[in-house]
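User: I'm new to this structure and would love a close look at a single part of it, the surroundings of the ligands. Could you walk me through them in one connected answer?

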Amino acid sequence: SAIIEVDHLSKQYANGPRALDDVSLNIDEGEIVALLGPNGAGKTTLISIICGLVVPTGGTVRVGGHDIRTDWRAARKLIGLVPQEITLEPFETVMNTVRFTRGLYGAAPDDAYLEKVLRSLSLWEKRDAQTRELSGGMKRRVLIAKALSHNPKVLFLDEPTAGVDVALRREMWQVVDQLRRDGVTIILTTHYLEEAEEMADRIGVINHGTLLLMKPKAELMGEFGKKH
Ligand code: ADP
Ligand code: ADP
(Lines give C-alpha, C1' and ligand atoms only; values in the text may rest on other atoms or scores of the structure.)
(Ligands and ions follow the chains in the order given, each with its own letter.)
Protein backbone atom coordinates (compact mmCIF):
# COMPACT_ATOMS: atom_id res chain seq x y z
CA SER A 1 0.00 0.00 0.00
CA ALA A 2 1.07 3.60 -0.53
CA ILE A 3 3.26 5.18 2.15
CA ILE A 4 3.17 8.55 0.37
CA GLU A 5 -0.05 9.87 -1.20
CA VAL A 6 0.13 13.20 -3.02
CA ASP A 7 -3.17 14.48 -4.36
CA HIS A 8 -3.66 17.48 -6.67
CA LEU A 9 -0.78 19.36 -5.08
CA SER A 10 -0.01 22.89 -6.17
CA LYS A 11 2.28 25.64 -4.97
CA GLN A 12 2.24 29.28 -5.93
CA TYR A 13 5.10 31.13 -4.23
CA ALA A 14 4.21 34.65 -3.11
CA ASN A 15 5.95 36.96 -5.61
CA GLY A 16 7.23 33.88 -7.38
CA PRO A 17 6.33 31.30 -9.97
CA ARG A 18 3.71 28.58 -9.82
CA ALA A 19 6.24 25.95 -8.81
CA LEU A 20 3.80 23.00 -8.74
CA ASP A 21 0.62 22.54 -10.72
CA ASP A 22 -1.81 19.75 -9.83
CA VAL A 23 0.74 17.03 -9.02
CA SER A 24 -0.58 13.65 -7.91
CA LEU A 25 1.45 10.53 -7.16
CA ASN A 26 1.57 7.54 -4.85
CA ILE A 27 4.68 5.82 -3.59
CA ASP A 28 4.67 2.32 -2.13
CA GLU A 29 6.76 1.06 0.75
CA GLY A 30 10.12 -0.29 -0.41
CA GLU A 31 10.05 1.61 -3.71
CA ILE A 32 12.87 3.77 -4.98
CA VAL A 33 11.51 6.67 -6.98
CA ALA A 34 13.52 9.30 -8.83
CA LEU A 35 12.02 12.69 -9.61
CA LEU A 36 13.85 13.74 -12.75
CA GLY A 37 13.77 17.25 -14.15
CA PRO A 38 15.88 20.31 -14.98
CA ASN A 39 16.73 23.07 -12.50
CA GLY A 40 13.64 25.03 -11.53
CA ALA A 41 11.25 22.18 -12.43
CA GLY A 42 9.74 22.07 -8.93
CA LYS A 43 11.47 18.98 -7.53
CA THR A 44 12.72 20.55 -4.31
CA THR A 45 9.38 22.28 -3.77
CA LEU A 46 7.61 18.92 -4.07
CA ILE A 47 9.78 17.09 -1.57
CA SER A 48 9.87 20.13 0.74
CA ILE A 49 6.06 20.06 0.87
CA ILE A 50 5.96 16.32 1.53
CA CYS A 51 8.52 16.83 4.31
CA GLY A 52 6.44 19.65 5.80
CA LEU A 53 8.98 22.43 5.18
CA VAL A 54 6.87 24.32 2.62
CA VAL A 55 3.11 24.88 2.84
CA PRO A 56 1.19 24.04 -0.36
CA THR A 57 -1.44 26.35 -1.82
CA GLY A 58 -3.62 23.43 -2.84
CA GLY A 59 -3.98 19.68 -2.56
CA THR A 60 -3.18 17.15 0.12
CA VAL A 61 -0.27 14.98 1.24
CA ARG A 62 -0.54 11.88 3.39
CA VAL A 63 2.43 10.06 4.86
CA GLY A 64 1.63 6.64 6.26
CA GLY A 65 -2.02 7.71 6.15
CA HIS A 66 -1.37 10.86 8.21
CA ASP A 67 -2.39 14.17 6.62
CA ILE A 68 0.66 16.42 6.93
CA ARG A 69 -1.50 19.46 7.75
CA THR A 70 -3.60 17.93 10.52
CA ASP A 71 -1.30 15.16 11.74
CA TRP A 72 2.19 16.54 11.21
CA ARG A 73 3.72 15.08 14.38
CA ALA A 74 2.88 11.54 13.32
CA ALA A 75 3.89 12.15 9.70
CA ARG A 76 7.32 13.61 10.46
CA LYS A 77 8.39 10.54 12.48
CA LEU A 78 8.10 8.53 9.27
CA ILE A 79 10.29 10.86 7.19
CA GLY A 80 14.02 11.45 6.90
CA LEU A 81 15.35 14.21 4.64
CA VAL A 82 18.89 14.51 3.31
CA PRO A 83 19.31 18.15 2.27
CA GLN A 84 21.46 19.30 -0.64
CA GLU A 85 23.81 21.32 1.54
CA ILE A 86 26.26 19.64 3.89
CA THR A 87 25.34 20.90 7.34
CA LEU A 88 27.38 19.21 10.03
CA GLU A 89 28.84 20.30 13.32
CA PRO A 90 32.59 20.12 12.53
CA PHE A 91 33.80 19.34 16.06
CA GLU A 92 31.10 16.75 16.84
CA THR A 93 31.84 13.05 16.42
CA VAL A 94 29.90 10.94 13.94
CA MET A 95 28.21 8.93 16.71
CA ASN A 96 27.25 12.02 18.70
CA THR A 97 25.90 13.66 15.58
CA VAL A 98 23.46 10.83 14.88
CA ARG A 99 22.56 10.50 18.56
CA PHE A 100 21.83 14.21 18.73
CA THR A 101 19.66 14.13 15.61
CA ARG A 102 17.74 11.12 16.87
CA GLY A 103 17.06 13.08 20.05
CA LEU A 104 15.73 16.03 18.03
CA TYR A 105 13.05 13.69 16.69
CA GLY A 106 12.08 12.77 20.23
CA ALA A 107 13.10 9.15 19.70
CA ALA A 108 14.42 7.21 22.71
CA PRO A 109 18.17 6.51 22.66
CA ASP A 110 18.98 3.33 20.73
CA ASP A 111 22.69 2.94 20.07
CA ALA A 112 22.19 -0.60 18.74
CA TYR A 113 19.98 0.79 15.96
CA LEU A 114 22.45 3.62 15.27
CA GLU A 115 25.27 1.08 15.04
CA LYS A 116 23.27 -0.77 12.40
CA VAL A 117 22.78 2.49 10.45
CA LEU A 118 26.46 3.45 10.67
CA ARG A 119 27.56 -0.05 9.66
CA SER A 120 25.30 -0.13 6.64
CA LEU A 121 26.77 3.22 5.53
CA SER A 122 30.35 2.02 6.20
CA LEU A 123 30.76 4.68 8.90
CA TRP A 124 31.08 2.49 11.98
CA GLU A 125 34.89 2.63 11.95
CA LYS A 126 34.59 6.43 11.88
CA ARG A 127 32.10 6.73 14.73
CA ASP A 128 34.58 8.54 17.01
CA ALA A 129 35.97 10.82 14.30
CA GLN A 130 34.94 14.47 14.25
CA THR A 131 32.91 15.26 11.15
CA ARG A 132 35.51 17.84 9.96
CA GLU A 133 38.01 14.98 9.61
CA LEU A 134 35.87 13.12 7.08
CA SER A 135 36.10 13.05 3.31
CA GLY A 136 33.31 14.59 1.21
CA GLY A 137 31.79 11.19 0.53
CA MET A 138 31.80 10.29 4.22
CA LYS A 139 30.21 13.63 5.13
CA ARG A 140 27.40 12.88 2.70
CA ARG A 141 26.97 9.47 4.29
CA VAL A 142 26.77 11.11 7.73
CA LEU A 143 23.93 13.28 6.40
CA ILE A 144 22.16 10.09 5.35
CA ALA A 145 22.85 8.51 8.75
CA LYS A 146 21.33 11.60 10.43
CA ALA A 147 18.25 11.33 8.22
CA LEU A 148 17.92 7.63 9.18
CA SER A 149 18.68 8.20 12.88
CA HIS A 150 15.03 8.07 14.03
CA ASN A 151 14.25 4.97 11.95
CA PRO A 152 11.97 6.63 9.38
CA LYS A 153 10.02 4.67 6.78
CA VAL A 154 10.85 7.01 3.91
CA LEU A 155 14.13 8.69 3.03
CA PHE A 156 14.25 11.78 0.80
CA LEU A 157 17.48 12.60 -1.01
CA ASP A 158 17.51 16.05 -2.58
CA GLU A 159 20.00 16.06 -5.48
CA PRO A 160 22.33 13.61 -3.69
CA THR A 161 25.07 14.01 -6.29
CA ALA A 162 24.72 17.66 -7.32
CA GLY A 163 28.19 19.15 -7.71
CA VAL A 164 30.13 15.99 -6.85
CA ASP A 165 32.68 14.21 -9.00
CA VAL A 166 32.13 10.95 -10.87
CA ALA A 167 33.77 8.77 -8.22
CA LEU A 168 31.57 10.23 -5.49
CA ARG A 169 28.47 9.83 -7.65
CA ARG A 170 29.22 6.13 -8.02
CA GLU A 171 29.76 5.88 -4.29
CA MET A 172 26.33 7.45 -3.67
CA TRP A 173 24.74 5.00 -6.08
CA GLN A 174 26.25 2.13 -4.09
CA VAL A 175 24.96 3.63 -0.85
CA VAL A 176 21.45 3.80 -2.29
CA ASP A 177 21.79 0.22 -3.45
CA GLN A 178 22.69 -0.84 0.09
CA LEU A 179 19.69 1.06 1.48
CA ARG A 180 17.49 -0.67 -1.09
CA ARG A 181 18.68 -4.02 0.26
CA ASP A 182 17.84 -2.79 3.76
CA GLY A 183 14.27 -2.17 2.51
CA VAL A 184 14.28 1.64 2.87
CA THR A 185 11.76 3.54 0.74
CA ILE A 186 13.63 6.29 -1.12
CA ILE A 187 12.55 9.35 -3.05
CA LEU A 188 15.36 11.23 -4.71
CA THR A 189 15.60 14.20 -7.03
CA THR A 190 18.07 14.48 -9.84
CA HIS A 191 18.64 16.19 -13.13
CA TYR A 192 20.67 13.30 -14.52
CA LEU A 193 18.75 10.70 -16.53
CA GLU A 194 21.64 8.31 -15.99
CA GLU A 195 21.31 8.66 -12.24
CA ALA A 196 17.56 8.09 -12.24
CA GLU A 197 18.13 5.05 -14.38
CA GLU A 198 20.89 3.73 -12.14
CA MET A 199 19.10 4.05 -8.82
CA ALA A 200 15.32 4.07 -9.22
CA ASP A 201 12.58 1.50 -9.74
CA ARG A 202 10.23 4.18 -10.96
CA ILE A 203 10.96 7.53 -12.56
CA GLY A 204 8.78 10.63 -12.49
CA VAL A 205 9.58 13.32 -15.03
CA ILE A 206 8.77 16.81 -13.79
CA ASN A 207 9.04 20.13 -15.63
CA HIS A 208 7.49 23.58 -15.11
CA GLY A 209 5.74 22.26 -11.99
CA THR A 210 3.95 19.49 -13.81
CA LEU A 211 4.50 15.77 -13.40
CA LEU A 212 4.68 14.83 -17.06
CA LEU A 213 4.83 11.08 -16.47
CA MET A 214 5.61 8.51 -13.82
CA LYS A 215 6.60 5.09 -15.00
CA PRO A 216 8.58 2.00 -14.05
CA LYS A 217 12.14 2.43 -15.20
CA ALA A 218 12.05 -0.48 -17.64
CA GLU A 219 9.05 1.02 -19.42
CA LEU A 220 10.56 4.50 -19.57
CA MET A 221 13.95 3.35 -20.78
CA GLY A 222 12.16 1.39 -23.50
CA GLU A 223 10.65 4.66 -24.67
CA PHE A 224 14.07 6.29 -24.77
CA GLY A 225 15.13 3.46 -27.01
CA LYS A 226 17.53 1.75 -24.62
CA LYS A 227 17.83 -1.93 -23.91
CA HIS A 228 17.97 -3.42 -20.42
P1 ADP B 1 14.06 22.28 -8.66
O2 ADP B 1 14.27 21.64 -7.34
O3 ADP B 1 13.45 21.35 -9.66
O4 ADP B 1 15.28 22.96 -9.19
P5 ADP B 1 12.48 24.24 -7.20
O6 ADP B 1 11.36 23.52 -6.54
O7 ADP B 1 13.66 24.59 -6.38
O8 ADP B 1 12.94 23.42 -8.49
O9 ADP B 1 11.95 25.58 -7.86
C10 ADP B 1 10.78 25.63 -8.69
C11 ADP B 1 10.52 27.08 -9.03
O12 ADP B 1 10.11 27.78 -7.85
C13 ADP B 1 11.74 27.80 -9.57
O14 ADP B 1 11.29 28.74 -10.53
C15 ADP B 1 12.27 28.53 -8.34
O16 ADP B 1 12.95 29.70 -8.71
C17 ADP B 1 11.01 28.85 -7.58
N18 ADP B 1 11.20 28.92 -6.13
C19 ADP B 1 11.74 27.94 -5.35
N20 ADP B 1 11.72 28.32 -4.06
C21 ADP B 1 11.16 29.54 -4.01
C22 ADP B 1 10.85 30.48 -2.97
N23 ADP B 1 11.12 30.20 -1.69
N24 ADP B 1 10.27 31.65 -3.32
C25 ADP B 1 9.97 31.93 -4.60
N26 ADP B 1 10.23 31.11 -5.63
C27 ADP B 1 10.81 29.92 -5.35
P1 ADP C 1 22.93 27.17 18.55
O2 ADP C 1 21.61 27.41 17.88
O3 ADP C 1 23.15 27.93 19.81
O4 ADP C 1 24.09 27.21 17.61
P5 ADP C 1 22.00 24.47 18.62
O6 ADP C 1 20.72 24.52 19.40
O7 ADP C 1 21.95 24.36 17.16
O8 ADP C 1 22.92 25.68 19.06
O9 ADP C 1 22.85 23.28 19.18
C10 ADP C 1 23.01 23.07 20.56
C11 ADP C 1 24.20 22.16 20.76
O12 ADP C 1 24.07 20.98 19.95
C13 ADP C 1 25.51 22.79 20.37
O14 ADP C 1 26.49 22.38 21.29
C15 ADP C 1 25.82 22.25 19.01
O16 ADP C 1 27.23 22.09 18.84
C17 ADP C 1 25.18 20.89 19.06
N18 ADP C 1 24.62 20.52 17.75
C19 ADP C 1 23.84 21.27 16.95
N20 ADP C 1 23.52 20.62 15.84
C21 ADP C 1 24.11 19.41 15.93
C22 ADP C 1 24.16 18.25 15.11
N23 ADP C 1 23.53 18.20 13.94
N24 ADP C 1 24.85 17.20 15.52
C25 ADP C 1 25.50 17.23 16.67
N26 ADP C 1 25.49 18.28 17.50
C27 ADP C 1 24.80 19.35 17.16
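Analyst: Happy to! One definition helps at the start: Asp, Glu, Lys and Arg count as charged, Ala, Val, Leu, Ile, Met, Phe, Trp, Tyr, Cys and Pro count as nonpolar, and the others, Gly among them, count as polar. Please also keep in mind that this is a predicted model.

With those classes in hand, let's begin at ligand 2. By class, its shell has 3 charged residues, 1 polar and 1 nonpolar. The residues around ligand 2 are Glu89, Glu92, Thr97, Phe100 and Lys146. By the class rule, Glu and Lys fall under charged, Phe under nonpolar, and Thr is among the others, the polar ones.

Which atoms come into polar contact there? In Glu89, a polar side-chain atom is 2.9 Å from an oxygen atom of ligand 2. Glu92 has an N or O atom in its side chain that is 3.4 Å from a nitrogen atom of ligand 2. Lys146 also takes part, with a polar side-chain atom 3.3 Å from a nitrogen atom of ligand 2. On its own, ligand 2 has 550 Å² of accessible area, and the protein covers 41% of it.

Now let's turn to ligand 1. Around it are Tyr13, Pro17, Ala19, Pro38, Asn39, Gly40, Ala41, Gly42, Lys43, Thr44 and Thr45. Sorted by class, this shell has 5 nonpolar, 5 polar and 1 charged residues. Where does the largest share of the shell come from? Helix H1, which spans residues 43–50, supplies that share with 3 residues.

The contacts of ligand 1 involve both backbone and side chains. Gly40 uses a backbone N or O atom, which lies 2.7 Å from an oxygen atom of ligand 1. From Lys43, a polar side-chain atom reaches to 2.8 Å from an oxygen atom of ligand 1. Tyr13 brings a polar side-chain atom to 3.4 Å from a nitrogen atom of ligand 1. How much of ligand 1 does the protein cover? The answer is 61% of the 560 Å² of accessible area that ligand 1 has on its own.

To place these surroundings, here is the chain as a whole. The protein chain has 8 helices and 10 strands. Its C-alpha atoms fill a box of roughly 45 × 45 × 35 Å along the principal axes. For 228 residues, a compact globule would have a radius of gyration near 17 Å, so the 17 Å of the protein chain agrees with that.

Finally, a word on the aromatic rings. The structure holds 0 aromatic pairs. Two rings do have an arginine over the face: Arg127 sits 4.0 Å from the ring centre of Trp124, and Arg169 sits 4.0 Å from the ring centre of Tyr192.

Conventions
Residues are numbered from 1 along each chain as its sequence is written. Chains are lettered from A and ligands numbered from 1 in the order in which they are written. This is a predicted model: local features need pLDDT of at least 70, side-chain atom pairs count only at pLDDT 80 or more; totals for chains, interfaces and linings use all residues. Side-chain values use heavy atoms; hydrogens and water are left out. A residue is near a molecule or strand if one of its heavy atoms lies within 4 Å of it. A polar contact is a pair of N or O atoms within 3.5 Å; within protein, one must be able to donate a hydrogen and the other to accept it, and residues adjacent in sequence count only if both atoms are side-chain atoms. Accessible areas come from the Shrake-Rupley method with a 1.4 Å probe; for residues, only the protein chains shown count as cover. Helices (H or I, at least four residues) and strands (E, at least two) are DSSP runs, numbered from the N terminus. Rings of Phe, Tyr and Trp (its six-membered ring) pair if their centres lie within 6.5 Å; planes under 30 degrees apart count as stacked, over 60 as edge-to-face and the rest as tilted. A charge sits over a ring if NZ of Lys or CZ of Arg is within 6 Å of the ring centre and within 35 degrees of the ring normal. The radius of gyration is taken over C-alpha atoms; the globule rule is 2.2 Å times the number of residues to the power 0.38.
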